[in-house]
Amino acid sequence: MTTITIAYAPDNNRITLTLTSMASVLKNAKKNDEIEFVILYSPNHLDEKFLPIFDNLQAIKPYKLNTIKIDEKIFDNFPCSEWVTIESWFCSLLADLLPNNDKVLYMHCDTMVRNSLDTLFKTELNDNLVGVVEDIYYSKQNSKRLMLSDNNYFNSGVILVNAKAWRKADFYNKLRNIVLIDRKITNEQDALNKACDTKKTILSPKYNFMQIWWKKSTHEYDEAYLREYEKSSDKPLIVHFIGVKPTSLSCKNKFVDEFADYVKLVPAYDVLQKEIKQSAKVEKKSFWKKAIKLIKEKIKK
């Protein structure tokens, strides 16, 4: 029986989003689906006292949990856009961190699963590095900007990783060389697209359904892919909450109410939210206390 391995890379601010995504996976899994979750984290951004919480969903469906600490220093000089965190780069290590896995499904924390992942996980990638969905906006512009040979720019929120092919390609070092040389790379999504150029299996939009409810029309899909997108709009397998997150009252994504149903499956969700916020306040106060101390020391000198 194949184990479906799903990896996330949360920080403190994304713990509850991740737990809700995990709950949706478990709730919709088939009886014979074996699930393993992998949590990639940096102790600088995810307090290790919260790690046991990721094992608190066993009542929904039993699963394996693998937490892996990442030394974020290996991503020094890697570009990070304002809207992403250093954790976004951690997925580039998956093949090396999980040497016995041929495939890994990497998902952003702001995703929601609506059916079994069995079919997606069994997708044949052949010698392609990834199975991905074309990004919902500016895909053609970004493809031209990065000079992609396959003219297809994907969204990195859901990636079916061909770990076997990544190890063969020495993927992390391949990505690193691109990042440090190509000045057009502004974030991990750019870098992944460049590193996987011509080695992508393009999946149906139902596996990474993105709704830009705050804009009328921004997609650059061709006619056939647009039809597939519209067909997927009512019954996507994975919803990716790009933009405003479903935890916000201002989120108008059509699936936000369904997300709320999965929130109810997370034990002590509200208590956890308060604890995380309190922890963040302490971190913030500690940061400013240190900053003020350094400033005062400089003034004295």
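Which backbone nitrogen does a side-chain oxygen of Asn 187 reach at the start of H7? Select Asn 187 and look for the backbone nitrogen of Gln 189, to within 3.1 Å of which that oxygen reaches.

Before moving on, note that this is a predicted model, where local features need pLDDT of at least 70, side-chain atom pairs count only at pLDDT 80 or more, and totals for chains, interfaces and linings use all residues. Residues are numbered from 1 along each chain as its sequence is written, and side-chain values use heavy atoms, with hydrogens and water left out.

Next, select helix H7, residues 188–195 (helices are DSSP runs of H or I, at least four residues, and strands are runs of E, at least two, numbered from the N terminus). Of its 8 residues, 7 are buried, so H7 is largely enclosed by the rest of the structure (buried means under 20% relative accessible area, with a 1.4 Å probe and protein chains only). Among the buried ones are Glu 188, Asp 190 and Leu 192.

Now add helix H6, residues 171–181; the two helices pack at about 115°, with axes 9 Å apart (axes are lines fitted to C-alpha atoms over the stretch in contact, and angles run from 0 to 180 degrees between N-to-C directions). H6 and H7 are therefore roughly perpendicular (65 to 115 degrees). Show Phe 171, Leu 175 and Ile 178 of H6 with Ala 191 and Leu 192 of H7, which are among the residues making the contact (heavy atoms within 4.5 Å).

Finally, go to Asn 12, in the loop between strand S1 (3–8) and helix H1 (15–28). Its side chain reaches the backbone nitrogen of Asp 47 at 2.9 Å.

Notes:
Angles under 35 degrees count as roughly parallel, over 145 as roughly antiparallel, 65 to 115 as roughly perpendicular and the rest as oblique. Buried means under 20% relative accessible area, exposed over 50%, partly exposed in between (1.4 Å probe, protein chains only). A polar contact is a pair of N or O atoms within 3.5 Å; within protein, one must be able to donate a hydrogen and the other to accept it, and residues adjacent in sequence count only if both atoms are side-chain atoms.
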